[in-house]
Amino acid sequence: MHSWRALQAVRNNSFRIFTRAHSYIATPTTAAFCVIGDEILNGKVRDQNTFVLANRCFELGIDLQKIEVVPDTPKAIIDSLQQLSSCHSIVITSGGIGPTHDDITYDAVAQAAGLQLQYHGPTLRRMRQIMMKRDVKTLPDPQGTDEERACARMALLPHPARIFYPCDQLWVPVVNVGKIHVFPGIPKLFDMLLSAYMPQLIKQMGQGKAFVLQFEGPAFLKQRLVLSILSQQAVRIDRIRSDDENPGLRDYEVSLLRLLEKATNGTRIVISPTGTSVMLRPGMITGGRIDMDCPTSRGIGYYLEALVALAPFGKEQMTATLRGITSNNTDLSVDLIRTATLVNYRNFGLGEGVELRISKRGSAPKGGGEVRFICPVVRTVKPLNFVDPGRIRRIRGIAYATRVSPQSANRMVEAARGELNRFIPDIYIYTDVYKGAEAGFSPGFGLSLVAETTNGALMTSELCAEAGEAPEDIGSNAARLLLSEISRGGCFDSTHQWLALLLMVLGPEHVSKTRIGKLTPFSIQYLRDLRAFFNTTFKIKPDAQTNTVLLTCLGTGYTNVGKKTT
Amino acid sequence: MDTKQTHKAHRVRKAGASVKKKQQKHKNAEKNNPKAFAMQSAQKADRMARRKAELDEKKYHVPMADRTPTVPPPLIVAVVGPPQSGKTTLIKSLVRRYTKNTLSEIRGPVTVVSGKHQRLTFMECANDISAMTDLAKVADLVILTIDASFGFEMETFEFLNLLQTHGMPKVMGVLTHLDGFKDNKRLKVVKKNFKHRFWTEVYDGAKLFYLSGVENGRYLDREILNLSRFVSVVKLRPLAWRSTHPYMMADRIQDLTDPELLEANPKANRTVALYGYLRGTHMKGRDRVHIPGAGDYQLDETEKLPDPCPIPDKERKRLDERHKLIYAPMSEVNGVMYDKDAVYIDLRKSAHEEKAEEAEGERMLNELQKVNTITDQLATQQFSLFSNAKPITADALRRPAVFDESKGNEGSVSDSGSASESTAGDQSSSSDDENSGDEDILRRADALDSNDSDDSNDSDDSNDSDDQSSDGQSSEATVRLAPIHTGVKRVNLMDLVYGQSDSSQAKPVEDIDDCIKSLAISDDLDESKLRKFFITNPGDSEDEEGSSDDEDKGDFEDLEAGSNDEDEQSASESEKEEEEEEEEENEFGLAADKMKKLKNKFDRIYGSDDESGTKKDFYQQKKEELQKYVDDTRNEMEELATINYRWAGEYVKVVINDMPYEFMQGFNPHLPVVLGGIPNEEGLSLITLRIKRHRWYPKILKTGDPLVISVGWRRFQTIPTYFMNDRIKNRMLKYTPEHMHCSAAVYGPYIQPGTGFCAYYMKRAHNFGVAATGTVLENSQAIDIVKKVKLTGFPDKIHRHTAYIKRMFNSSLEVAKFEGAAIKTVSGIRGQVKKAHGNNGVFRATFEDKIKTSDIVFLRAFHTIPIKRFYNPITSLLSVTYMRTIAEIRRSKNLPVPNKKDSHYKPIERVVKRFNPLRIPKSLEAELPFKAKTKRVLTDAPSRAVVMDKQDKRVADLLGQINLLYKDKARKRRETVQKKKEDYAKKRMAEESEADARRKKKRKSFFRREGQNQKGAGLSTKD
């Protein structure tokens, strides 16, 4: 047990020698680069290979951790190689494999690995062939003249070693001794060989999901990051607003990344200097206490949605306190998350003990709201068989108002009732008026509605007022939004399709089946991403009679491996 | 020759204890003497009831979904035993029994049809711990062969242990080499001993067969027949791991690598096809799998093949001769192999491998095999229709046709996965102008929308806003996306969603920017249409709504309707109306389904008879729930098969690219090749294990010694750190405790908590290989394991409660880290580190009392141990490189074990400290108050000897004699009283027994009378 109290008790009982952050990182692949050559150290040549290599490593998701520049002395090279290969899984060297006497890399590699040098026949042959084609006069010959011998020195390789010729047009080999990969120092050759050699390197990266899923563009960033953590699949997203005049990640996206880092342990996030690409190597979801001030560019709902997907699969119960805008027109409001999203959990056997408490409300633009999200953990999700939505049984809603006249809430309720009363008498819309410190920093009001069917399907709609809008308009528009949502039918409304899809995939190895009204573009992309991350394809069947879509899939048998057994 | 054996008839015993016992036992004891069996003590009865409940409870297992497919895959029968114990002979005999085929050699799995509903796959287990672990993970039934002339061997016990940790399958024992025993009596004893030993190891009553001898290289037919009968009725319980993971034991392996590639580089990675029956759950192309002994791979494709050993399709009374099939591709049974599109002649070696010694015929065949077939030649050829046209290849011709076949579920030609992948030259799919590619789903969706409904304006708007918002202000709330309309027949939704290849992401929807809210109000909010979605719909009539709606409504009414009166009223009114209508109809004698509906309604409201009659308990409910999931899945199987799911029970070919060449080169058919699915089990983490050293392993395990752990499908070497939780912290242990569980932290891939594991050392050093067993407790990224560190220091300078301590730290920086830490002297005086004094590590400390210069001050601290992140999957099928233990390295390099003198245990010699007696100077004492002065108190004088005079002596003598007499008299009196008492007791006893007998007689007669009366009464009432 690593409860906070236990650790505290240890601290009280005695004293620790080393206080250390509790985030170990499980990365299977780390790389180091060793640049060999006096010419770099004395400034005659500018090092270009470092940049190329660092770039390639980032692309592949290899964690380049160290770059050393060493002179052309055997001891320096051997020490460096031994030291680097003891801590890193890939060591790449560049330079020092030419014909001159100070090119001693092969020698040093052999010594570092305890091997002998030997003329490598195939390399010599290749060298001769390609040189002959180019009409080079001095061909390599170990028994020839000094020049010929010097030339042959380039084929004097450590033995035994793995020799690769990644480029057909080049004779230069890439020598692989254990973790060490020897490359030439000439930038052009280095670049060519490295890019051709990369597949080999990926294989060297060993076990685990070494490969990285790649995506482009800022859209669907959140879902990809969340799926990455759930599926333990590293992900890399490029071209994030790279053509924009204000390129890179937005502040809310950075906050989201930070939130994900807080909710997990061992997650590594690398953001490129321009902010236009992100790489995430997922760790484990830990849960526990999370406290965050959300930037006001997005609502709390934006962050909560990520937590809603992750929290049930953590190590321990999540208690997240988020501060910011509680409802706006871009993101799900906390009201809807509380009354619909978290209620939808119960279809998957997750609902028990889940709680969302709204202690303060904050309207756009300044925010100032605060919510607390508590979610216990589960080991597995139940399969879903929810095809018949039933018919609308009742409508509930919450009309909130902050820093405005309490009357506006009542006016919204009146207007919404006017629209909905024709259909069903069982309508109850709560008015939730906040005053003083609990009302946040900005005035605002809005209405969220939830219609529940006989079979427990929830249809939702919500609308927040923007400057100058009248409460009556908001009320009737929200009601009409709800009606249009109802008219689409299905067991999950358009804002909650993603949740159903996700939890169906995370179910046990049984069939899950549901019906939804219309497949939104968002859901379509979600389905594609689910296939990319979980290799799960849905059977999608339109039902022409009801204008709905039947979705069927097999669960992946996801189990929360972080949850402890006794 | 008459070989009929005659048995001695059983002799019934006529005398002796057993006969007596039998006589004593009354048949109807309980009936005749009800009182004797009545409840006598409430406490006892309660205890008994509780015991029974406990026993009943123990019988329950956690309910598990039984996913056994309708046509189950063959049972894997593993034949395991030490070398020369008759494994091969047993398999040969069994195969002969089932198929009348005699195998010359057994290589790899052998599948036979063993009955109308059952097939068996026999696999002989090689004598190697890797093969044993792999086979233990997949075997459904294990036959352990035991050489009776030798006895049990360690392999057998090791294997049983492996089985236990990986979910115990069924085990049967076979005792061979019994023909060596000439003495019948001895044989009997041996059999009995073996049986009992076997029972203690497996379970009481485990089946052990005796195979008495070998005839024609096979065991006796009669005995094999008996064994086969037991095999045919074996019942399997679903095992948790296997029923949640797909797996396959490959019975055939084919190298599909391009021979040209191999000519160029014989060490190139291979493309390998593995064939076998899929078990457990479902599998799909591009799934990740683990091959124990080879590593993790991604499946390139999975393909269903016709079952090579099918169960007869028609129900027959008995198995027909032609259905007794055998399939053993590696053992060359029939030499010919049929694939989907080719016939293979099995030559054991593939063409590119070394051909050291082969017969002439074989060589000729090999050469024949090398020749390209016509289809191959055709495939490579290309021709152009027009002079400047792109040449057409066979591939290009074939592909569309294939897709037409595979789809088949929609009428028109539409976009398919390959179409968008293929180049512009591919024109077959562009006929449909709507499906012009992967660019614009959204636009297409809108087009559909406008086709179908009237909200074209709105969708246009959304398009416009999309275009506008592309300039950076994507987070604006103006993105009002109209959802795609889907109820259109012409477009296949599957293609719409999945049609594009992964690389081309949906660009048009890019501007959604993680916003899932739709703020579009559809214009056609037709009230009459909308009303249908509400329960209050007045136009609700039974012909419009299906019966399911009615039922569903009812489900929720009793739960929730009470919350609102209005609703209830209206609902009940409408219901009443319905009822009335239905009743009227009913009077006219209308349809039976109406009646049924009404009955259902009645049942819902008032509860049906049969439901209340058999109320299901929790366990039953859970089981039914699981069964429902399984049934649901079965119903959907056909639907899902169209997206290339392969189901358990099917014969499947899977292709893996990038298999290391060692896999094919060093392929040994005697080692099982298992392929296990690993859904979400690939990330590396720190795993906490509950571990116990095996009681037969002769040594305790050491922290830091690399250990091989077999868990899930995997076998991997890792460095464990043992620890134990003392309720506050995890203390590191250098060694595992001797007979107790402890925890271990290792680094490895995720594994479900609760999975059993088994650990052994890579290099077998002892008779018994299994070093430890246990279960997985937790996966995490950080485990806090500490070890104790004691820092000692010496007082430099002592004030009253303050002292300066030296030599504990080396610098003031170190001291700064420990400010406030608790310290203690050897004599137990507690203190605290205050502050550094100077820069040489001396610090000021305060104590609760003055310490002495001779005291040693120590600080107890805990240091967090970093856990070694070493994970080395054992690649026994490729080539094995492994980490050695320190002891192994020392042994190989001939290094001595370091021997520190300080670490030796030796008797502690302590100088006895002599304290001088306290002396107070006389002058000082004189000044002390009386209370503090040393006092010389007179004590009682010791008793002195008394010398008596004559008179006194006579008196004393007389008194003594009188006393003696008195004592004697008292003794005699006591004895007589005692005797009298005894006599009286005897007398009483005799009287008592007499009276008892009388009473008994009386009672007996009374009860007899009573009984007769009752009997008479009963008869009379009956009459």
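# A sheet, its helices and some salt bridges

Helix α13 of chain A, residues 407-420, lies across strands β21, β22 and β23 of the same chain, and its direction makes about 165° with that of β22(A). Everything here comes from a predicted model. The tour below starts with the sheet under that helix, moves on to a buried threonine and a few salt bridges, and ends with an overview of chain B.

**The sheet in chain A and its helices**

- Helix α14 of chain A (residues 471-488) also packs on the sheet, where it touches β21, β23 and β24 of chain A. The direction of α14 is at about 155° to that of β24(A).
- The sheet is open and has four strands, in the order β22-β21-β23-β24 of chain A, and the pairing is mixed.
- At its edges are β22 (427-434) and β24 (458-464) of chain A, each of which pairs on one side only.
- On average, neighbouring strands in this sheet are turned by 15° against each other, with direction ignored.
- As a general reminder, strands of a sheet pair through backbone hydrogen bonds, and they may do so parallel or antiparallel.
- How do β21 and β23 of chain A run? They are antiparallel, with ten bridges joining β21 (residues 392-402) to β23 (residues 444-453).
- If you would like one pair to look up, take A:Ala401, whose bridge partner in β23(A) is A:Phe445.

**A buried threonine in a loop**

- A:Thr495 sits in the loop of chain A that runs between α14 and α15 (497-505).
- Is A:Thr495 buried or exposed? Its relative accessibility is 5%, so A:Thr495 counts as buried, the cut-off being under 20%.
- The side chain of A:Thr495 has a polar contact of 3.4 Å with the side chain of A:Thr460.
- Another polar contact, at 3.5 Å, links the side chains of A:Thr495 and A:His496.

**Salt bridges**

- Over all chains, the whole structure holds 56 salt bridges.
- In chain A, the side chains of A:Asp291 and A:Arg323 form a salt bridge with an N to O distance of 2.4 Å. This pair connects distant parts of the chain, 32 residues apart: A:Asp291 belongs to strand β16 (residues 287-293) and A:Arg323 to strand β17 (residues 316-324).
- A:Asp291 is partly exposed at 43% relative accessible area, and A:Arg323 is also partly exposed, at 26%.
- In chain B, B:Glu650 and B:Arg646 make a salt bridge in which the closest N and O atoms are 3.0 Å apart. Both partners are under the 20% cut-off for buried residues: B:Glu650 has a relative accessible area of 12%, and B:Arg646 has 10%.
- A salt bridge also joins the side chains of B:Asp968 and B:Lys972, at 3.8 Å from N to O. These residues are separated by about one helical turn because they lie four residues apart in helix α28 (residues 950-1022) of chain B. B:Asp968 is partly exposed, with 32% relative accessible area.
- Back in chain A, which residues are joined into one network by salt bridges that share partners? They are A:Asp291, A:Asp293, A:Arg323 and A:Glu370.

**Chain B in overview**

- Chain B contains 28 helices and 37 strands.
- Of the 1023 residues in chain B, 40% are buried.
- Among chain B contacts between residues at least 6 apart in sequence, 72% connect residues at least 24 apart.
- The exposed area of chain B is about 64,200 Å², of which carbon and sulfur atoms supply 51%.

Technical notes:
Residues numbered from 1 in each chain as written. Chains lettered and ligands numbered in written order. Predicted model: local features only at pLDDT ≥ 70, side-chain atom pairs only at ≥ 80, totals over all residues. Heavy atoms only, no water. Pairing = 2+ DSSP bridges. Helix = DSSP H or I, 4+ residues; strand = E, 2+ residues; numbered from the N terminus. Axes fitted to C-alpha atoms, helices over the stretch in contact; angles between N-to-C directions. Contact = heavy atoms within 4.5 Å. Salt bridge = Lys/Arg side-chain N within 4 Å of Asp/Glu carboxyl O. Buried < 20%, exposed > 50% of the residue type's maximum accessible area, 1.4 Å probe, protein only. Polar contact = N/O pair within 3.5 Å; in protein donor to acceptor, adjacent residues only side chain to side chain. Areas by Shrake-Rupley, 256 points an atom, 1.4 Å probe, with all protein chains shown as cover.
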